[in-house]
Amino acid sequence: MKKSYLIDTSIILDDVENLFFLHQDGENTIFICDVTLSELDKKKDLNSETGFFTREFFRSINGDNASISEYIAIENDKIHTLYFSNNAREIPLQIIHRPIYKTKFQDYGLNDARLLEIAKDYNLTLLTNDISLKIYALSLSINSQSLMRDRIENPQEIDFLTHFSVHKSNIKVNIEKEQRFKALKNWSLLAIDELDNTENSLYQTGKKHYGIKLDGVFESLDFDALLEEFVFYVKPINLEQKFLYALLMHPRNKITICSGATGSGKTLIALQAGLHLLKKGMVDGIVYLRNTVTANDKEAELGFRKGDESQKLNYFMYPLFSVINFMITKMQKESLAKRIEYRGDANSIESKEATEYFITKHNIEVMDIAHARGVSIAKKFVIFDEAQNASNATIKLIGTRMAEDSRIVFLGDPMQIDHPYLSKFRNGLVSLLKKAKQDNFLSAIVLHQTIRSEIAGWFEDNF
């Protein structure tokens, strides 16, 4: 059955491709009212990803073919048909303009109230990713839905480690014969219990082997040898961290996705892999990216923060600074030379002298996602942190900035959503994890083990 949708701002800012998805080659009709256009107009000059996606929307509107819509307007309203064109595709949009709204004043959410007014008067399904607006609409008996596109069911069940038991006579040959191994994709992680036999039975020797599947064959991983190549500030201390480090250092791996809770060591291991790649000359520098979205601010723009760009970014780059401070503190305890080299107070949220020196020495650049639009990132190790707070459109935006000889790792925890229009079932991180389960180009790992203080561990267990 043909459906008529009224689109709010969140749907357009999520991804303009949503419009084509909803149109379904003419099966559905898309309405946009002047309230949404006004909200978008206020965002078009923002120097951020929000501003970028807003400008992309307006650039794609073809005003030359505007016409009076075939749909009947109510009272003094006017409805025009405009055409949205993108990537050689074009669809009609029905634009509703209401000169006088019944809702005149409202302490909070005037635009939302007017949007609901239009949806009710025209009997349209309000489509919004703003959950509070959706609930408000339903409470008023107005049909409202969230966009279910790209929703991933049971993201917590996604994993990449497969366990095998294989006879020790020839681990590689024996595992490659197994049908379960043949069914795995590239970059699958393998943990193998070694078997031996007596005359009558098989038994586990207690020895374990680890590796990955690549190009249809088993590639053994010698973690001890790998970790001896580099003098670590803080060594990987559990199996998951060693697997992550091995993936990041593999010469053929370009894209890694890592999901794990706070305290699992995601940023720590990623940064140390970047430092090793830098030392080996495989990259020229490290770029740290993080979405500037907070739980209490729908638009969380850097421009609303005090200070220059560097000071504003510091609010959002604390995970990186925290890891650097942790490394420096460890070095200062172990070496007089390092205490002299990394002078100053490292253990601080602000970028103090020791942290700044570390960043400069290792050619680490912190960048807001909004400023990555017009650049080509070549021969860099890119750490995209908090990927669960990025939409698929933002993931694509950053991915298409990657040039030759660069590598990128996406880090995040799908249980820690701050973005107002995303959820644990629908965000850039879980989309990447799902693709990594099927695509041989992507490597991925889920870190289940967290390294916590005694205090943090108590709260984790008891609350």
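Which element gives the largest share of the lining of the second largest pocket? The tour comes to that pocket at its third stop. Keep in mind throughout that this model is predicted.

**Stop 1: an open sheet**

Select strands 8, 9, 10 and 11. These 4 strands form an open sheet in the order 8-9-10-11, with mixed pairing. Strand 8 (161–167) and strand 11 (217–220) are at the edges; each has a single partner strand, so one side of each lacks a neighbour in the sheet. From one strand to the next, the twist averages 40°.

Now keep strand 8 and add residues 189–197, which are strand 9. The two strands pair in the parallel sense, over 7 bridges. For one bridge, select histidine 163 and then its partner in strand 9, alanine 191.

Next, show residues 239–249, which make up helix 10. Helix 10 packs on the sheet and touches strand 8, strand 9 and strand 10 (202–214). The direction of helix 10 makes about 30° with that of strand 10.

**Stop 2: the largest pocket**

Select Thr262, Gly263, Ser264, Gly265 and Val323. Of the 29 residues lining the largest pocket, these five are the closest to its centre. The pocket has a volume of about 870 Å³.

Colour helix 11 (266–279) and helix 13 (318–334), the elements that give two or more residues to this lining. Helix 13 gives the most, with 4 residues. Sorted by class, the lining of the largest pocket holds 9 nonpolar, 12 polar and 8 charged residues.

**Stop 3: the second largest pocket**

Move to Ile395, Lys396, Leu432, Lys435 and Leu442. They lie nearest the centre of the second largest pocket, which is lined by 23 residues. The space in this pocket is about 480 Å³.

Three elements can be coloured here: helix 16 (392–399), strand 16 (407–412) and helix 17 (428–436) each give two or more residues to the lining. The opening question is answered by helix 17, which supplies the largest share, 5 residues. The lining of the second largest pocket has 10 nonpolar, 5 polar and 8 charged residues.

**Stop 4: a cavity**

The count of cavities of 30 Å³ or more comes to 4. To find the second largest, select Asp14, Asp150, Ser391, Asn392, Leu422, Arg426, Asn427 and Ser431, which line it. What is the volume of this second largest cavity? It is about 50 Å³. The lining of the second largest cavity has 1 nonpolar, 4 polar and 3 charged residues.

Key:
Residues are numbered from 1 along each chain as its sequence is written. This is a predicted model: local features need pLDDT of at least 70, side-chain atom pairs count only at pLDDT 80 or more; totals for chains, interfaces and linings use all residues. Side-chain values use heavy atoms; hydrogens and water are left out. Two strands pair if DSSP finds at least two bridges between them. Axes are lines fitted to C-alpha atoms, for helices over the stretch in contact, and angles run from 0 to 180 degrees between N-to-C directions. Contact means heavy atoms within 4.5 Å. On a 1 Å grid over the protein atoms alone, a cavity is a set of points where a 1.4 Å probe fits but cannot get out, and a pocket is an open set with protein on both sides within 12 Å along at least five of seven lines; lining residues have an atom within 4 Å of a point. Grid points are joined across faces, edges and corners, and a volume is the space filled by probe spheres set on the points. Ala, Val, Leu, Ile, Met, Phe, Trp, Tyr, Cys and Pro count as nonpolar, Asp, Glu, Lys and Arg as charged, and the others, Gly among them, as polar.
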